[in-house]
Amino acid sequence: MQVPQDGEDFASQPWYHGPLLRQKAEALLQQDGDFLVRLSGFGGGHPVISCHWRGSALHFQVLRVALHPQPGWPIALFQLEDEHFPSLPALVHSYVTGQRPLTQATGAVASRPVTWQGPIRSFSEDTLLDSPAQTKLLRSRKWSDSQPAGLEHVGQSREGNSGPGASTVPTFALSQMGSDPVLLKTLVPLVSIPNSLSASDGQIHAKVPTKPPRTPSLVLPNVSGHPPTYCELVPQVPSARGTPSGHSCPEPEAPWWEAQEEEEERCFVRPQAEVSFCPPDNPSGLLGLQNRPLEPKVLRTLRDLLLEHHPGSTALHLLLADCQAAGLLGVTKAQQDDMGVASGLELLTLPHGHRLRSELLERHEALVLAGALSVLGCTGPLEERAAALRGLVELALALRPGAAGDLPGLAAVMGALLMPQVSRLERTWRQLRRSHTETALAFEQELKPLMRALDEGAGPCDPGEVALPHVAPAVRLLEGEELSGPLDESCEQLLHTLQRVRLMARDAPKFREAAAGRLRGFRPNPELREALTTGFVRRLLWGSRGDEASPPAARVEKFAARVEKFQLVLNVLSQRLEPDS
């Protein structure tokens, strides 16, 4: 394999397929060692190495660390784990010719490229830009071997191949599905290819690209004590050895959730008004100015978005949204002065925390309905619904204590899985146990007992393994909801819950530190971050007209009525999938 020097293009390399969805890439990988390089199919596009290993397709995102431009030095470094390279072809050449594992966690070795033969494109690393534009051309993908004996395969086309513009996405699937075992999503969209080829003559029409943000890409290491279920890439920002003398990489501005809060002596201040931590309703890039309830186009876009994020990345996005909704991170000095305390965990225990408690209950119910819809909206084959169940279970595992530690997010996902309309799908659950046995066992033996203990006021709540505690039981009690069950058991549960909420308020600074630690270095995807906010989920479920601004008290009443009606819709969807015998 010929290695281009730094600055030469990589788009003309035989292993490069351009923008390509993960499912289509997996269809091209048939034997262990088969690999290709593609751009992820959503957002600006990220360079990904897709490789077939031990019977399954694995996907490894190549991290691109932008450097300060200097004459004679590369503008960026590319890396999978610790070692970095001046260009993408140099990285691929090193791993393929050296037969080295792409990651130590998987041991996957890329040896045979799946090639594409078509019009020659000319794009180099310095023209990678942050743009959603993608090349959607039907391509004839062909096979070759890196060994001389494999030359007989050259020119043989794969069967059943469609262009990257084709879409077979079901309408209602919201959760991540598939077997993507790989890395945490990083910083910002890295690359995309503009529509630069003419279908008539194949000529190149170059555009002057904009430069990508020069910000190092970082992801979180595994903070749990459990074996990782995906490849975690922890890039090392190039040290002084790799930077010319007298020059250094510019330090990016830290996001608001990483800002260090100043410790100050606070005394009680009489609250001035009830505080809301819901972000303002800005124009939505996914929903537009107006949208109808459950628009199929939006649901398809969400499914593509979630397919590009594995459970660990989605869990961090959800943790960030939940911390903001609960007032744990991002609380301003003005908000602290208005509510008289330092965080939402303290505010929700006080009488003037009624608005916050109502918003947290509304968020929980909306996420539960959206999670259930991701399964009940799968009108395709049985395997599709089982994959949707698997995606929700894997997300719950990524949210549990010791991992992301987002217990409100865990409660919402488990609430969706335990809804009667979902739990009655016997054939779907049987298919999950047959196809994904370990996932089904983890749900029954680990997640269900954990959720039962949390709802009863027990379970883990140590700030070391939990970033955001489970507040729903306390919020319901403080809003006047009565406990069910025998009197002695309900009284014991009441005492446990009240003691737990006292500890949560006392340890609010520790939870803030734990959440900030998990999110340190994390750069969310803007679209996925928006999709997990309360306002977005409300508009997705009720439409823009149904989510029109109203007083908080009226909104609570309307929301309760809508949830009751939506339950009837879910009943119909569940019966259509698996009618009662």
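A salt bridge is a side-chain nitrogen of Lys or Arg within 4 Å of a carboxyl oxygen of Asp or Glu. The exercises below use this cut-off on a predicted model.

**Exercise 1. Test the pair E578 and R385 against the salt-bridge rule, then place both residues.**

Solution.
- Step 1: The closest N and O atoms of E578 and R385 are 3.7 Å apart. The limit is 4 Å. E578 and R385 therefore form a salt bridge.
- Step 2: E578 sits in the segment after helix 18 (552–577), and R385 sits in helix 8 (residues 382–399). The two are 193 residues apart, so the pair links distant parts of the chain.
- Step 3: Both E578 and R385 are buried.
- Step 4: By the same rule, the count for the model comes to 15 salt bridges.

**Exercise 2. Compare the surroundings of two further salt bridges, E446 with R400 and R506 with D507.**

Solution.
- Step 1: Side chains of opposite charge can pair when their charged atoms come close.
- Step 2: E446 and R400 meet at 3.0 Å, N to O. For R506 and D507, the closest N and O atoms are 3.1 Å apart.
- Step 3: E446 belongs to helix 12, while R400 lies in the loop between helix 8 and helix 9 (407–417). This pair spans 46 residues and links distant parts of the chain.
- Step 4: Now classify by accessibility. Buried means under 20% relative accessible area, and exposed means over 50%. E446 has 31%, so it counts as partly exposed. R400 has 12%, so it is buried.
- Step 5: R506 reaches 57% and therefore counts as exposed. D507 has 10% and therefore counts as buried.

**Exercise 3. Which residues form the negative and the positive surface patch, and where do they lie?**

Solution.
- Step 1: The negative patch gathers D455, E456, D488, E489 and E492 on the surface.
- Step 2: Helix 14 (residues 487–506) gives the largest share of the negative patch, 3 residues.
- Step 3: D455 is placed in helix 12 (residues 437–455). Patch residues must have over 30% relative accessible area. D455 has 34%, so it is partly exposed.
- Step 4: The positive patch is formed by R427, R430, R433 and R434.
- Step 5: R430 is found in helix 11 (residues 426–435). Its relative accessibility is 39%, so R430 counts as partly exposed.

**Exercise 4. Decide why helix 9 is described as largely enclosed.**

Solution.
- Step 1: Of the 11 residues of helix 9, 9 are buried.
- Step 2: These buried residues are L407, G409, L410, A411, A412, V413, M414, A416 and L417.
- Step 3: The cover over them includes helix 4 (311–325), helix 7 (354–376), helix 8, helix 10 (420–423), helix 11 and helix 12.
- Step 4: With 9 of 11 residues buried, helix 9 is therefore largely enclosed by the rest of the structure.

**Exercise 5. Find the backbone feature at R54 and L294, then say whether each residue is buried or exposed.**

Solution.
- Step 1: R54 has a phi near 55 degrees, a positive value in a residue other than glycine. L294 also has a positive phi, near 55 degrees, and is likewise not glycine.
- Step 2: R54 is in the loop between strand 3 (47–53) and strand 4. L294 is in the loop between strand 9 (141–143) and helix 3 (296–307).
- Step 3: R54 has 66% relative accessibility, so it counts as exposed. L294 has 17%, so it counts as buried.

**Exercise 6. Describe F60 and L495, each with a residue separated from it in sequence.**

Solution.
- Step 1: F60 lies in strand 4 (residues 56–61). Its relative accessibility is 0%, so F60 counts as buried.
- Step 2: F60 and P47 are 13 residues apart in sequence, and their C-alpha atoms are 8.6 Å apart.
- Step 3: L495 is found in helix 14. At 60% relative accessible area, L495 is exposed.
- Step 4: L495 and G457 are 38 residues apart along the chain, with 8.5 Å between their C-alpha atoms.

**Exercise 7. Summarize the protein chain as a whole.**

Solution.
- Step 1: The secondary structure comes to 18 helices and 9 strands.
- Step 2: The chain has 581 residues, of which 54% count as buried.
- Step 3: Take the contacts with a separation of 6 or more. Residues 24 or more positions apart account for 73% of these.
- Step 4: The accessible surface comes to about 26300 Å², and 53% of that belongs to carbon and sulfur atoms.

How values were computed
Residues numbered from 1 in each chain as written. Predicted model: local features only at pLDDT ≥ 70, side-chain atom pairs only at ≥ 80, totals over all residues. Heavy atoms only, no water. Patch = residues over 30% accessible without salt bridge, like charges linked within 9 Å, V, L, I, M, F, W, Y side chains within 5 Å. Areas by Shrake-Rupley, 256 points an atom, 1.4 Å probe, with all protein chains shown as cover. Lys, Arg positive; Asp, Glu negative; His and termini not counted. Charge placed at Lys NZ, Arg CZ, Asp CG, Glu CD. Helix = DSSP H or I, 4+ residues; strand = E, 2+ residues; numbered from the N terminus. Buried < 20%, exposed > 50% of the residue type's maximum accessible area, 1.4 Å probe, protein only. Contact = heavy atoms within 4.5 Å.
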